[in-house]
Amino acid sequence: LLDMLSRAAIGLNHENDQFENAIYSKADEIVHRILNEFDDNIDIFQELLIDLDESLSDISKQSKENIEQARRELEEKTLQENAGIIANEIIRERIKESSIDHVVKKFLSEYWSKLLMMSYLQNTNVQESLQKHIDTMDKLIWSVMPKKTQSERRDLVDALPDLLECLNQGMDSLAVHDDEREKFFAKLAQCHSKAVSSKARSVEETENPVETSSEAVN
């Protein structure tokens, strides 16, 4: 019994207070039982030996589970931090272009970056999901850039339905409130109107105005 207590004490360290306290508590219990119950029957030592062995096994198992849980939490935290770094870098690389409207920059930084993180942290189809959201982001940025030719404006009209659907799907995944969603789309419509305004057109083209994103939504 003393040998087992000694071996248990050798493994004690201050890095695992829960493990250490459990062993001290068990040792204290054994000492008090011997003082209170031992007279001349030495069987109590065998009983306490078995009890100590079982308790140390349980303590060791719990300690290993705690260590494994801490390891998993650390891995998850590291993965989330990496996901955040990757998502922010992807966003930063695209919005550094000063001509992109502030509305779009803010939307990508506050909302779309979270969607990229979620895609990165998924266990299946990570690359496919991540690339889809990156493509949507690139299309959104392109949509608010000046459309100087009739062909570019026509491409915008053709691209709007799919773009708006992908943006809505992304907002669904992020559980964006309806009022926030409506405000963004209203501002985005203004960006599209600005992109196809007369100031953005080439001097050769003056006909066939295109519809804006708000008209496409309607």
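**Notes on salt bridges, rings and confidence**

1. Glu 89 is partly exposed, its relative accessible area being 40%. This is a predicted model, and in it Glu 89 forms a salt bridge with Arg 92, with 2.7 Å between the closest N and O atoms. Arg 92 is partly exposed as well, at 48% relative accessible area. The two residues are three apart in helix H3, so about one helical turn separates them.

2. On the total: a search of the whole structure finds eight salt bridges. One of them joins the side chains of Asp 51 and Lys 26, at 2.6 Å from N to O. Lys 26 belongs to helix H2 (residues 17-37) and Asp 51 to helix H3 (residues 43-95), so this pair ties together parts that are 25 residues apart in sequence.

3. Are the two partners of that pair buried or exposed? Lys 26 has a relative accessibility of 10% and counts as buried. Asp 51 has 21% and counts as partly exposed; the cut-off for buried is under 20%, so Asp 51 falls in the class between buried and exposed. I would also look at Glu 29 here, which is linked with Lys 26 and Asp 51 in a network of salt bridges.

4. A further salt bridge is made by the side chains of Arg 181 and Asp 172, at 2.8 Å from N to O. Arg 181 is buried, with a relative accessible area of 11%.

5. Now for the rings. The whole structure contains five aromatic pairs by the search. Among them, Phe 107 and Phe 184 have ring centres 4.0 Å apart and planes at 15°, so they are stacked. This pair links distant parts of the chain, with Phe 107 in helix H4 (residues 102-121), Phe 184 in helix H7 (residues 178-195), and their positions 77 residues apart. Both residues are buried.

6. Phe 184 also pairs with Phe 185: the ring centres are 5.6 Å apart and the planes lie at 55°, so this pair is tilted. Phe 184 counts as buried at 7% relative accessibility, and Phe 185 is buried with a relative accessible area of 16%. Which residues make up the aromatic cluster? Phe 107, Tyr 111, Trp 112, Phe 184 and Phe 185 form it together.

7. Another ring to view is Trp 142. Lys 147 lies over its face, at 4.5 Å from the ring centre.

8. Please also check the backbone at Ala 175, which has a positive phi of about 55° although it is not a glycine. Most residues other than glycine have a negative phi. Ala 175 sits in the loop between helix H6 (150-174) and H7. At 55% relative accessibility, Ala 175 counts as exposed.

9. Finally, confidence. The average pLDDT of the chain is 80, and 81% of the residues score at least 70. Where does the pLDDT fall below 50? It does so over residues 200-218, a stretch that nevertheless has 39 contacts in the model beyond near neighbours in sequence.

Note on methods:
Residues are numbered from 1 along each chain as its sequence is written. Side-chain values use heavy atoms; hydrogens and water are left out. A salt bridge is a side-chain nitrogen of Lys or Arg within 4 Å of a carboxyl oxygen of Asp or Glu. Helices (H or I, at least four residues) and strands (E, at least two) are DSSP runs, numbered from the N terminus. Buried means under 20% relative accessible area, exposed over 50%, partly exposed in between (1.4 Å probe, protein chains only). Rings of Phe, Tyr and Trp (its six-membered ring) pair if their centres lie within 6.5 Å; planes under 30 degrees apart count as stacked, over 60 as edge-to-face and the rest as tilted. A charge sits over a ring if NZ of Lys or CZ of Arg is within 6 Å of the ring centre and within 35 degrees of the ring normal. pLDDT is the predictor's confidence in each residue, from 0 to 100. Contact means heavy atoms within 4.5 Å.
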